[in-house]
Structure formats: C-alpha cells, structure tokens
Amino acid sequence: VNTPTKTYGMGKGRAADLRYIESCARRIVAVSNGHKIVTEKSTVPVLSNPEFLAEGTAINDLKNPDRVLIGGDETPEGQEAIQALCAVYEHWVPKDKIITTNTWSSELSKLAANAFLAQRISSINSISALCEATGADVEEVARAIGMDQRIGSKFLKASIGFGGSCFQKDVLNLVYLCEALNLPDVAQYWQQVNS
C-alpha cells in the first residue's frame with residue numbers, strides 16, 4: 001500500500017499520507033471473517049515488519065535478508081502476532097536474523113536506516129564539492145575512506161543526490177516526527193541531510 005508524503009494538512013511535505021493504509025484496513029475489515037493478523041511493510045505502526053529491500057536487488061534481499069525486523073504491541077495479543085509472523089519467516093530466514101521489538105523501535109529502525117544511508121550519500125556529495133575545489137578525485141577519496149573497516153565502501157558514490165523515493169520520504173518522516181516531539185535541533189539536523 002502506497003504511503004506517499006502528505007501534500008495537504010498537518011504534516012504537509014513531511015508526514016506519511018495514511019489514507020491508503022486506512023482504506024486498505026477498512027477493506028480488510030469488510031471482507032474478513034474470524035481472527036486475522038495484518039502486517040504492514042512500511043513506516044506506519046500496526047504490526048510492524050518494515051522492508052529493507054533495495055531497488056534492483058529486492059528479490060535477493062527478500063530471500064537472503066540482512067535481518068528481518070518485526071515490531072508489535074507488548075500485549076499478549078501483540079506478542080502472539082509477533083511470534084506467528086516469526087514462524088512464517090523461519091521457513092527461510094535463520095532465527096538469529098529475526099529481530100523482535102516494540103512497534104516504535106521497529107518503525108524508528110527503518111527510518112533511521114534510510115536516514116543513515118541518505119546521510120552517507122549527502123556526506124560524499126559534500127566531499128565531492130570539496131574535491132572539485134581542491135583538485136582531488138572524489139572516487140579516489142571514496143575508495144580510500146571506504147577501505148576503513150569502520151566506514152565501509154557502500155553508499156560512497158558521489159552523485160546529484162540520492163535516488164528512489166524511500167530515502168527522501170523516510171528522512172522527511174523523521175523530520176516531522178522530531179518536530180512533533182519538540183526536538184527542533186534533531187529535526188533541523190535531519191532536514192539538512194535531505195537538502
């Protein structure tokens with residue numbers, strides 16, 4: 001279900017537009033009978049199972065994930081739903097790669113992962129401007145810093161920005177959340193990553 005950035009009302013330009021989630025939930029209620037577990041794979045709290053799929057490698061990422069993250073309520077029903085979803089994943093994902101958390105930890109993990117990746121791209125892009133001013137080669141600099149095991153080489157390719165819709169959307173959601181929780185310095189920090 002699509003969760004685009006809101007284009008109207010409170011949170012315009014930052015928060016997720018939940019109308020499609022709500023419409024889907026209403027449809028499920030209308031056609032279901034009996035007990036159901038509904039899992040969302042976005043950044044909207046329900047039983048949270050955010051996806052960490054990259055464009056071009058999504059099928060492989062699904063079959064061989066770095067981790068599977070499942071968050072839910074800390075109620076007996078929530079824990080039962082978490083365990084039911086764990087049982088599905090355990091058919092192909094090793095148990096040590098399945099992480100269970102509360103709903104907020106799961107949602108923030110997804111937003112933070114994409115924000116960190118966007119931050120890396122923004123960082124190498126800013127270094128690119130410095131390289132142009134000094135005559136350095138950004139690819140050589142990226143290769144040199146990428147060999148540092150603490151940093152690694154992924155997401156160090158300078159470009160005009162970061163592609164896809166998830167990075168920008170998730171950083172904007174993080175900014176909105178920080179603003180809503182009265183964390184203006186944190187919101188401002190992440191907003192500059194998106195700029």
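## A tour around helix H7

Start by selecting Ala-115, Phe-116, Ala-118, Gln-119 and Ser-122 in helix H4, then add Tyr-189, Trp-190 and Val-193 in helix H7: these two groups of residues meet each other. Sorted by class, this contact of H4 with H7 holds 6 nonpolar residues, 2 polar ones and no charged ones. Keep in mind as you explore that the model on your screen is predicted.

**Stop 1: the two helices as a pair.** Now show H4 (residues 103–134) and H7 (residues 184–194) in full. In general, a packed pair of helices is described by the angle between the axes and the distance between them. Here the axes come within 9 Å and cross at roughly 55 degrees. H4 and H7 are therefore oblique to each other. Their crossing is left-handed.

**Stop 2: another partner for H7.** Keep H7 in view and select helix H6, residues 166–180. How do the axes of H6 and H7 cross, and within what distance do they come? They cross at roughly 165 degrees and come within 8 Å. An angle over 145 degrees counts as roughly antiparallel, so H6 is roughly antiparallel to H7. H6 passes H7 in a left-handed crossing.

To see the contact itself, select Gln-168, Val-171, Leu-172, Leu-174, Val-175, Cys-178 and Glu-179 on the H6 side. On the H7 side, pick Val-186, Ala-187, Trp-190, Gln-191 and Asn-194. Coloured by class, the residues of this contact divide into 8 nonpolar, 3 polar and 1 charged. Pause on Trp-190: this residue of H7 takes part in the contact with H4 and in the contact with H6.

**Stop 3: a serine in a strand.** Next, go to Ser-48, which you will find in strand S2, residues 47–48. Is Ser-48 buried or exposed? Ser-48 has a relative accessible area of 0%, so it is buried. Show its side chain together with the side chain of Glu-107, and you can see a polar contact of 2.3 Å joining them.

**Stop 4: the whole chain.** Finally, zoom out and switch to a cartoon view. The chain has 7 helices and 4 strands, and following the sequence gives the pattern α-β-β-α-β-α-β-α-α-α-α. The C-alpha trace spans about 65 × 45 × 30 Å along its principal axes. Of the 195 residues, 34% count as buried, Ser-48 being one that is buried. Among contacts with a separation of 6 or more, 58% come from residues 24 or more positions apart.

Note on methods:
Residues numbered from 1 in each chain as written. Predicted model: local features only at pLDDT ≥ 70, side-chain atom pairs only at ≥ 80, totals over all residues. Heavy atoms only, no water. Buried < 20%, exposed > 50% of the residue type's maximum accessible area, 1.4 Å probe, protein only. Polar contact = N/O pair within 3.5 Å; in protein donor to acceptor, adjacent residues only side chain to side chain. Axes fitted to C-alpha atoms, helices over the stretch in contact; angles between N-to-C directions. Parallel < 35°, antiparallel > 145°, perpendicular 65-115°, else oblique. Left-handed = near helix turned anticlockwise from the far one by under 90°. Contact = heavy atoms within 4.5 Å. Nonpolar A, V, L, I, M, F, W, Y, C, P; charged D, E, K, R; others polar.
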